[in-house]
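Welcome! Let us take a walk through this structure together, one region at a time.

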Amino acid sequence: MDTKNFFEKAIVSAELLANRTGVVATRAADAAGKTATSFVSATKLNMQIFDLNTEIEILYKEIGKMVYHVHTGMEEDQDALQAKLLLIDEKLEKIEEIREKLNAAKAKTCCPNCGKECPSGAAFCSSCGAQL
């Protein structure tokens, strides 16, 4: 076997391996980036839910004071009470919308090989066929 030929083949093999490694590393980095982005998005949505729940708790306290005032014989503005009740309804609807978004995001997973989104129950990626 010719030494020059052997080294040429070794160099070509090393280049192919380096290229494959680079492609896999790029895909892994893309998948990690998408996962991080999904995590940040989920965290933002959870913070919105937390904020809305805090606002609802404040409204509950205000309504409780109003009800107590009525109990003690004080006059309370019924329109203000109704407005607070409607605000709670709106905030609860918004929380439900956000939870639906979170559940939709959880219903998908990213392929570790190519980074494409796949249904969470899938065993293999629909794009590249890699095992999930």
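## Getting started

A residue is called buried when its relative accessible area is under 20%. With that in mind, what follows describes a predicted model.

## The helix α2

Let us begin with α2. This helix has 29 residues, running over residues 78-106. At 1.5 Å a residue it should span 42 Å, and its end C-alpha atoms are 42 Å apart, so the expected and modelled spans agree. At the N-terminal end of α2, Asp77 acts as a cap: one of its side-chain oxygens lies 3.2 Å from the backbone nitrogen of Asp79.

Which residues of α2 are buried? They are Leu81, Lys84, Ile88, Lys91, Ile95, Ile98 and Leu102. As you look along that list, it helps to know that an α-helix has 3.6 residues a turn, so residues three or four places apart point the same way. Part of what covers the buried residues of α2 is α1, which runs over 3-71.

## A core shared by two helices

The largest nonpolar core has 12 residues. Its members are Leu45, Ile49, Leu52, Ile56, Leu59, Ile63, Met66, Leu81, Ile88, Ile95, Ile98 and Leu102. Both α1 and α2 supply at least two residues of this core, and the largest share, seven residues, comes from α1.

Take Leu52, one of the core residues. Leaving out residues up to four places away in sequence, Leu52 touches Lys91, Lys94, Ile95 and Ile98.

## Lys91, a buried lysine

Lys91 sits in helix α2. Is Lys91 buried or exposed? Its relative accessibility is 17%, so Lys91 counts as buried. The side chain of Lys91 makes a polar contact with the side chain of Glu55, at 2.5 Å. Beyond residues up to four places away in sequence, Lys91 touches Leu52, Glu55, Ile56 and Leu59. Among these, Leu52, Ile56 and Leu59 belong to the largest nonpolar core.

## Ala130 and its surroundings

Now for a residue in the segment after β2 (117-119): Ala130. At 17% relative accessibility, Ala130 counts as buried. Leaving aside neighbours within four places in sequence, Ala130 is in contact with Cys111, Asn113, Ala123, Phe124 and Cys125.

How far apart are Ala130 and Lys94 in space? From C-alpha to C-alpha they are 38 Å apart, with their positions 36 residues apart in sequence.

## The cysteines

Cys111 is found in the loop between β1 (108-110) and β2. With a relative accessible area of 0%, Cys111 is buried. Not counting residues up to four places away in sequence, Cys111 touches Ala31, Lys116, Cys118, Cys125, Cys128, Ala130 and Leu132. Cys111 and Thr26 are 85 residues apart in sequence, and their C-alpha atoms are 13 Å apart in space.

Two of the cysteines touched by Cys111 are Cys125 and Cys128. Cys125 counts as buried because its relative accessibility is 5%, whereas Cys128, at 35%, counts as partly exposed. How many disulfides are there in the whole structure? A search finds zero. For readers new to the term, a disulfide is a covalent bond between the sulfur atoms of two cysteines.

Notes: Residues are numbered from 1 along each chain as its sequence is written. This is a predicted model: local features need pLDDT of at least 70, side-chain atom pairs count only at pLDDT 80 or more; totals for chains, interfaces and linings use all residues. Side-chain values use heavy atoms; hydrogens and water are left out. Helices (H or I, at least four residues) and strands (E, at least two) are DSSP runs, numbered from the N terminus. The expected span of a helix is 1.5 Å times one less than its number of residues. Buried means under 20% relative accessible area, exposed over 50%, partly exposed in between (1.4 Å probe, protein chains only). Contact means heavy atoms within 4.5 Å. A polar contact is a pair of N or O atoms within 3.5 Å; within protein, one must be able to donate a hydrogen and the other to accept it, and residues adjacent in sequence count only if both atoms are side-chain atoms. A nonpolar core is a set of buried Ala, Val, Leu, Ile, Met, Phe, Trp, Tyr and Cys residues joined through side-chain atoms within 4.5 Å. A disulfide is a pair of cysteine sulfur atoms within 2.5 Å.
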